[in-house]
Amino acid sequence: MSLDHEAIRKAYPSAVTIDDSTGAFDASGNKISLTQSDIDAARVTLNNEAAAVLYKTQRTGAAGTTDTIYPSIGDQLDALYKDIVAGTVTTSGAFATAIKATKDKYPKP
């Protein structure tokens, strides 16, 4: 039997030890009676919380995305400087279009 440790900790904050074969226990070593519906509800909550911030990791490449991510800070500053010099600090400038491409690809939920 494999338990969903993260969901158990979410559903039962007093759980300090979770063992797949023996169950969950509090700080005093008392066994916690686990209810599958509580664990399932906690898993749904955890999945929703993760989905709400997934776009942030996608935009930076931390989620394994490599196709459209924010340029490095150095490249962003370089694009901004070039836009300033060229007088194109607008929504059609190189800086704005690079940032917009990433935001469009991974929008906030």
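Helices (H or I, at least four residues) and strands (E, at least two) are DSSP runs, numbered from the N terminus. With that in hand, Ala15 can be placed in the loop between α1 and β1 (17-19). What you're looking at is a predicted model, where local features need pLDDT of at least 70, side-chain atom pairs count only at pLDDT 80 or more, and totals for chains, interfaces and linings use all residues. Residues are numbered from 1 along each chain as its sequence is written, and side-chain values use heavy atoms, with hydrogens and water left out.

Let's stay with that loop for a moment. Ala15 counts as buried because its relative accessibility is 6%, and buried means under 20% relative accessible area, exposed over 50%, and partly exposed in between (1.4 Å probe, protein chains only). Setting aside neighbours within four places in sequence, Ala15 is in contact (heavy atoms within 4.5 Å) with Ile8, Arg9, Ala24, Phe25 and Ile32. From Ala15 to Lys105 it's 90 residues in sequence and 39 Å in space, C-alpha to C-alpha. Pro13 lies in the loop between α1 and β1 too, but with 70% relative accessibility Pro13 counts as exposed. Pro13 and Asp26 are 13 residues apart along the chain, and their C-alpha atoms are separated by 8.9 Å.

Ala15 also takes us inside. The largest nonpolar core has 11 residues in all: Leu3, Ala7, Ile8, Tyr12, Ala15, Ile18, Ala24, Ile32, Ile39, Ala42 and Leu46. A nonpolar core, by the way, is a set of buried Ala, Val, Leu, Ile, Met, Phe, Trp, Tyr and Cys residues joined through side-chain atoms within 4.5 Å. The elements that give two or more residues to this core are α1 and α2, and α2 gives the most, with 3 residues. Ala24, another core member, touches Ile8, Ala15, Thr17, Ile18, Asn30, Lys31, Ile32 and Leu34, not counting residues up to four places away in sequence.

Now follow α2 itself. Helix α2 covers residues 36-60, so at 1.5 Å a residue its 25 residues should span 36 Å, and its end C-alpha atoms are indeed 36 Å apart. That expected span is 1.5 Å times one less than the number of residues in the helix. There's a kink of about 45° in α2, centred on Val53; the bend at a residue is the angle between axes fitted to the seven residues ending there and the seven starting there. Which residues of α2 are buried? They are Ile39, Ala42, Leu46, Tyr55 and Arg59, and they pack against α1 (5-11) and α4 (94-105). After α2 comes Gly61, whose phi is positive, near 90°.

Next up is how α3 meets α4. Two packed helices are described by the angle between their axes and the distance between the axes. Here the axes of α3 and α4 come within 7 Å and cross at roughly 140°. That makes α3 oblique to α4, because angles under 35 degrees count as roughly parallel, over 145 as roughly antiparallel, 65 to 115 as roughly perpendicular and the rest as oblique. The contact is made by Gln76, Ala79, Leu80 and Asp83 of α3 and Ala94, Phe95, Ala96 and Ile99 of α4. As for the axes, they are lines fitted to C-alpha atoms, for helices over the stretch in contact, and angles run from 0 to 180 degrees between N-to-C directions.

Two of those residues deserve a visit. Gln76 lies in helix α3 (residues 73-86) and is buried, with a relative accessible area of 15%. Leaving out neighbours within four places in sequence, Gln76 is in contact with Tyr70, Pro71, Phe95 and Ile99. Asp83 lies in helix α3 as well, and at 5% relative accessibility Asp83 counts as buried. Beyond its neighbours within four places in sequence, Asp83 is in contact with Thr88, Val89, Gly93, Ala94, Phe95 and Ala96. The C-alpha atoms of Asp83 and Gly93 are separated by 6.1 Å, with the two residues 10 apart along the chain.

Finally, Thr90 is found in the loop between α3 and α4, and is partly exposed, with a relative accessible area of 41%. Thr90 and Thr22 are 68 residues apart in sequence and 61 Å apart in space, C-alpha to C-alpha.
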